[in-house]
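Hi everyone, thanks for coming. Let me put the structure up on the screen and we'll walk through it together.

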Amino acid sequence: AKLLAEEKELVTADLVGALNSQGDRFAKRGEYPQALAVYTLAHGLAMAGLLAIAAAGLSAALAGGRAG
């Protein structure tokens with residue numbers, strides 16, 4: 001988790017998808033605590049990515065709004 005926090009470019013939609021797939025495999029085997037942990041990590045990474053995209057968009061919008 002620390003590596004992903006430091007190296008944000010490693011967090012991709014493919015990584016989140018792979019984590020969800022791993023969570024599915026755990027769940028199918030009845031390993032629910034492991035599945036929950038993986039799903040929680042995937043969710044956190046996905047939300048952090050969405051927040052970063054939203055913040056960048058807001059920043060760009062505000063910068064454009066000051067130009068006029």
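I'll go from the inside to the surface.

Quick housekeeping: this is a predicted model, where local features need pLDDT of at least 70, side-chain atom pairs count only at pLDDT 80 or more, and totals for chains, interfaces and linings use all residues. Residues are numbered from 1 along each chain as its sequence is written, and side-chain values use heavy atoms, leaving out hydrogens and water.

So, which residues make up the largest nonpolar core? There are eight: Leu4, Val16, Leu19, Phe26, Ala35, Val38, Ala42 and Leu45. By core I mean buried Ala, Val, Leu, Ile, Met, Phe, Trp, Tyr and Cys residues joined through side-chain atoms within 4.5 Å, with buried being under 20% relative accessible area, exposed over 50% and partly exposed in between (1.4 Å probe, protein chains only). Helices H2 (13-28) and H3 each supply at least two of these residues, and H3 gives the most, with four. Helices here are DSSP runs of H or I, at least four residues, numbered from the N terminus.

Now the surface. H3 covers residues 32-66 and includes Leu50, which is exposed at 52% relative accessible area.

Last, charges. How many salt bridges does a search of the whole structure find? Just one, joining the side chains of Arg29 and Glu31 at 3.1 Å, N to O. The cut-off is a Lys or Arg side-chain nitrogen within 4 Å of an Asp or Glu carboxyl oxygen. Glu31 itself is partly exposed, at 26% relative accessibility.

Conventions: Helix = DSSP H or I, 4+ residues; strand = E, 2+ residues; numbered from the N terminus.
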